Amino acid sequence: MKRFFINFSIVLLIFTFQATMGDFIKVLGIKPDLILVLTCMAGLLKGKNGGGFAGIFVGLFQDILYGSFIGLNALAKSVTGYVVGIGAWSLYKGNLIIPFFVVFLGSIFHEIVVFCVLFALSMNPPFIPSLINTILPFAFYNGLIAVVLFKPVKKLRLYFVSL
Amino acid sequence: MATILKSKSFWIILTTIIILVSLINFSMEDAVWLTKIKDLFIKPFKPLHESFYVFNQRLKTTVEIILNYDDVRDENKRLRKRVAQLEAQLIRLKEIQYENERLREILNFKERNTKYSLEGARVIGRNPSNWFEEILIDKGKKDGLVLNMAVVTAKGLVGHITNVGDHWAKVQLIIDPNSAVSGMIQRTRDNGVIKGVFEPENRGLCRMVYLSPEANIVPGDLVISSGLGGIFPKGLLIGEIIKVSKDENQLLKHSLLKPSVDFERLEEVFVIKKISPLEEDIF
């Protein structure tokens with residue numbers, strides 16, 4: 001229960017930071033998604049169930065607080081966390097290239113899921129321009145953030161586990 | 001196949017996906033229950049949002065001012081200490097000046113627009129997604145706000161309310177790719193629809209579409225709301241045309257426009273609650 005509240009507080013802080021100061025960390029018009037980075041890291045460190053659960057939890061929270069409708073982020077983030085968990089859990093985590101590529105690929109996958117949902121809802125964003133101009137730079141930026149955050153997050157997790 | 005069907009996790013994943021997809025559908029059709037849930041969550045986080053947002057705005061101003069002093073500091077090292085002192089003083093003064101300018105603008109705007117019943121509100125958050133352009137404001141139902149009310153600043157049209165709780169409201173900005181505002185060229189009275197753009201290179205701009213090929217539009221023309229559609233009153237400034245082009249089949253013209261509102265620096269907005277009956281007749 002204590003660990004849940006500590007994790008919840010961290011998620012809440014990241015959410016507030018992203019929603020209120022997201023523009024401050026915008027590079028070339030692209031905002032990173034710290035919540036998605038966190039979800040991919042959960043998949044990488046805790047496996048498919050951990051990633052899927054973290055994804056549905058933070059995704060639902062994001063939908064309720066900021067979403068236009070409920071379920072979009074919950075679906076995209078839970079599936080991404082789960083898939084990252086399946087693909088990356090067994091990987092060696094000592095090299096920072098691993099979290100970069102995992103978050104890079106996870107971000108592309110996440111945006112494709114979001115794109116598919118938007119497409120199914122007839123919002124029809126253009127795919128190729130979105131992929132080149134938004135999704136790839138977004139994924140790259142998230143990957144870089146993962147490199148910076150990976151070790152502190154790992155240490156924090158070890159700290160919480162030892163509590 | 002049989003092994004997958006017997007797997008417990010397969011059924012858990014499938015059920016979760018079905019529930020989430022149904023949630024998306026339900027929440028799109030009927031937003032009343034969604035608003036109630038949001039109300040429950042947003043209320044406790046509002047103070048945290050407000051303080052972060054205010055801190056962010058101050059940080060932005062501070063960084064901008066410090067950058068302006070870089071040259072001075074490099075040129076005159078002996079005066080570095082003095083500059084730092086002046087810098088701190090200037091930050092405070094600039095803050096007061098900006099606040100003064102903003103309040104003056106607000107006062108002028110209110111005086112100039114007596115035909116509208118306006119409700120001032122502060123911006124307390126922004127949708128973090130790259131796919132939507134929405135803001136959260138600190139006024140809601142208890143302040144008399146309802147769905148689809150137009151939101152403006154002294155500079156022009158901001159958007160309209162898409163979601164409203166007791167003490168908050170969500171505003172879809174006119175630069176959101178899913179937004180559509182009926183507008184007209186002020187000089188020629190040509191009508192069109194103003195939409196946000198998806199492409200990052202044009203992010204923050206709008207596109208005016210469905211313009212007649214005969215429309216005589218040039219860069220620099222001002223675009224105002226046409227009043228069609230019933231959400232936005234007629235005559236609100238939307239922006240300025242910066243580029244005009246024709247469709248591939250040459251049937252319709254479209255153009256790129258720069259909104260008059262600086263969406264990166266939104267701090268205070270006005271919600272148009274009511275238009276005086278006399279003016280309503282004109283619209």
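In this predicted model, A:Leu38 lies in helix H2 of chain A, which spans residues 34-66. Leaving aside residues up to four places away in sequence, A:Leu38 touches A:Val11 and A:Ile14. Another residue worth finding on the screen is A:Val58: the C-alpha atoms of A:Leu38 and A:Val58 are 9.1 Å apart in space, while 20 residues separate the pair in sequence.

From here it is a short step to the contact between the two chains. Chain A contributes 46 residues to this contact and chain B contributes 43 residues. Together, chain B and chain A bury about 4,100 Å², and 70% of this area falls on carbon and sulfur atoms. Between chain B and chain A, five residue pairs are in polar contact, with both residues at pLDDT 80 or more. On the side of chain B that touches chain A, the elements giving two or more residues are helix H2 (8-29), helix H3 (32-68) and strand S1 (116-126) of chain B. The biggest share of that side comes from H3(B), with 16 residues. Sorted by class, the side of chain B that touches chain A has 25 nonpolar residues, 10 polar residues and eight charged residues.

Charged pairs can be followed both across the interface and within chain B. Over all chains, the structure holds seven salt bridges. One salt bridge is found across the interface of chain B and chain A. Its partners are B:Glu264 and A:Lys26, whose side chains meet at 3.0 Å, N to O. Within chain B, the side chains of B:Lys139 and B:Glu119 also meet in a salt bridge, here at 3.2 Å, N to O. This pair links distant parts of the chain, with the two positions 20 residues apart: B:Glu119 belongs to strand S1 of chain B, and B:Lys139 sits in the loop between strand S2 (134-137) and strand S3 (150-153) of chain B.

Further along chain B there is a barrel to look at. Strands of a sheet pair through backbone hydrogen bonds, and the pairing may be parallel or antiparallel. In chain B, six strands close into a barrel with antiparallel pairing, in the order S6-S7-S8-S11-S10-S9. On average, neighbouring strands of this sheet are turned by 40 degrees against each other, direction ignored. One of the pairings can be traced in detail: strand S8 (residues 206-211) and strand S11 (residues 253-259) of chain B run antiparallel and are joined by four bridges. A handy landmark is B:Arg207, which stands opposite B:Leu256 in S11(B).

Terms used. Residues numbered from 1 in each chain as written. Chains lettered and ligands numbered in written order. Heavy atoms only, no water. Pairing = 2+ DSSP bridges. Axes fitted to C-alpha atoms, helices over the stretch in contact; angles between N-to-C directions. Contact = heavy atoms within 4.5 Å. Buried area = accessible area lost by both parts, 1.4 Å probe. Salt bridge = Lys/Arg side-chain N within 4 Å of Asp/Glu carboxyl O. Polar contact = N/O pair within 3.5 Å; in protein donor to acceptor, adjacent residues only side chain to side chain. Nonpolar A, V, L, I, M, F, W, Y, C, P; charged D, E, K, R; others polar.
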